[in-house]
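I wanted notes on how two chains meet, on one helix and on one sheet. The entries below follow that order.

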Amino acid sequence: MTNTTISVEGISKRFGKTQALAENFSIEISKGQSLAILGANGAGKTTLMRAVLGLTIPDAGNISLYGLSPTDPSSRIGLRFLPERISFPKWATPLQMYRQLERVRNEGREIDFVHRADNMACGDLLKRKLGKMSKGQRQRIAVALMTCGTPKTVFLDEPSSGLDPAGRMLVRSTVAELADQGSTVILNSHLLGEVEKVCDWAAFIHKGALVANDRLEDLSQFKGSAVIDTQEPDAMKAVLNNLGIVRDKSLVYPLASEDGFAEFTELVARSGVNFTGIKLHRESLEDIFMRIMEGETYVS
Amino acid sequence: MFLNALEHMTRRKLILIVGILALGYLLLFWRGIASADPQSLRTEGNIPASNADLAFAALSIAGSMLSVMVWGLTIILGASILPDEMEAGRMSIWAALPQSRFKVYASTTLAPFLVSVTVGYLLFGLTALITSFYAPFTPSSIPLAVFSMPIWLSATWAFVILFSMMVGKIPAMLITFILEGFAVGMGNIVELAKGIPELHESTFYTVARIVTFILPFERGYRSVQMGLLPEATVIEEALAFMGFGGALPFWEIIYPAIWAALLFFLGYRLFLKKDL
């Protein structure tokens, strides 16, 4: 039996003159995976998510959700989707919205929603009209509505949008809880720090194309780098086998491990090129993101 | 899903406004008809008007106003429902639930239709009932009026739903209002021609007839009125000049429903291809 939850094979999508998803876009998402979809604005992250859900029809290619076409309603059983922008009816209370959703999905218990709302620190708002809530309160309710119970797969498009730091922390713990209970989580977020803490896998999309898709721990090809502050970064790069990236008045040089830093410092000191400082820098997800998005490579 | 859409629909402020307007209208109508005295009215040949004549006058005058109200409600609700749900981001939530797109489309669009038809039944029914208290009359055919109400509104509803997806809410409303007015005008020509043979043979009539087939918005309304109006009156000749040339053939009554079904299906095809 296959472990694949979502299979996207060779799809493409164009909106007018904009190529939202490049030709032959393919990705597989396994059961229980916590995948972050990362990319700059307009990279195609939301389009991919919507295509998988059957909300956007790709121009070419195939998508399967649990082996079924996304147009098959059965493929969406146990699936939850929180869009980036949603405006609830002003007259409704969170409990009324939950009941409306349950009329169709018919798979949850109200008590689970109440618990999730409590976890999102909005349990006291369940009988208040959504029209009388702040943006952040509505977002907390939206997250609770779409993550309550034990969903098979959850699609979250910028779930922390409009939330304060406390709210963002609650979203993180909710996503982590979903992953712990075995749900497949697909998360679109610009908050790389958030992603780093809750996802085990990241897919980078650049101009509609999938440019990297790997475990977070494996994405950092070099575990860290040495940053050499120098007035002559190009000269420094030349003596260091032409490796590294010149950034303003510094050279970022990849290191295979922290252990090699001391030895490397000696190498730099012997190079004959003037430098004012050298420090070890661990690569964060933001660094990886920038490196991939800018198409940078350590090898010239 | 249909219940959800209906709940959204009935909670709109527009429904409250229509309810208040309708109540105000009914109270005014009640007061007006209660103070009317058929004996003070004279028909052709100075014959005192009968209760049926009074009922005819009351229903045809009220009918014009009611038709605009119900038409307007159908247009506004029909044009708003899909664009509003999409704009609010709720449509993507409904469509991501385990239900087919057809179910989402049909449930969402049938809710405003049901509301419009119910308002139509209430307004026309209560007007006829109040009239009968003060000017007892026998309607020509209550089943015809009941049967024709959804058919009448289906044409407007299907048209505005389709156009709201093509051009957006406000343009769809304007286009429908304009075309409705044009279709009603052409429909009146067709009815007038039933009593004026010269008009019947003119090109103008042919054009008017074609328009009533391309835009069958008003055929059903005439059937509703024909069903409600009193069976016997002494001013039948005036009917044609008010746009009622007598009962319509059955196929012409149901034609708008078939036309609406076609547009509803076209709307579904469009919805199916839409990125939600």
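Entry 1, the contact. I looked up the contact between the chains: 20 residues come from chain A and 19 residues from chain B. I counted two residues as in contact if their C-beta atoms, placed from the backbone, lie within 7 Å. On the side of chain A that touches chain B, β5 (79-82) and α2 (94-105) of chain A each supply at least two residues. The largest share of that side, four residues, comes from α2(A). By class I noted twelve nonpolar, four polar and four charged residues on the side of chain A that touches chain B. Here Ala, Val, Leu, Ile, Met, Phe, Trp, Tyr, Cys and Pro count as nonpolar, Asp, Glu, Lys and Arg as charged, and the others, Gly among them, as polar.

Entry 2, provenance. This is a predicted model, in which local features need pLDDT of at least 70 and side-chain atom pairs count only at pLDDT 80 or more, while totals for chains, interfaces and linings use all residues. Residues are numbered from 1 along each chain as its sequence is written, and chains are lettered from A and ligands numbered from 1 in the order in which they are written.

Entry 3, chain A overall. I found ten helices and 13 strands in chain A; these are DSSP runs numbered from the N terminus, helices being H or I of at least four residues and strands E of at least two. Of its 300 residues, 39% count as buried, meaning that 20 or more other C-beta atoms, placed from the backbone, lie within 10 Å of the residue's own.

Entry 4, helix α6 of chain B. I checked its length: the 26 residues of α6 (residues 142-167) of chain B should span 38 Å, and the end C-alpha atoms are 38 Å apart, which agrees. The expected span is 1.5 Å times one less than the number of residues. α6(B) bends by about 30 degrees at S148(B), and P150(B), a proline, follows within four residues. The bend is the angle between axes fitted to the seven residues ending there and the seven starting there. Because 20 of its 26 residues are buried, α6(B) is largely enclosed by the rest of the structure. G168(B) follows α6(B), with a positive phi near 100 degrees.

Entry 5, a sheet in chain A. I read the order β11-β12-β10-β13 (chain A) for an open sheet of four strands with antiparallel pairing; strands pair if DSSP finds at least two bridges between them. Six bridges join β10 (residues 224-229) to β12 (residues 250-255) of chain A. I228(A) has L251(A) as its bridge partner in β12(A).

How values were computed. Buried ≥ 20, exposed ≤ 12 C-beta atoms within 10 Å, placed from the backbone.
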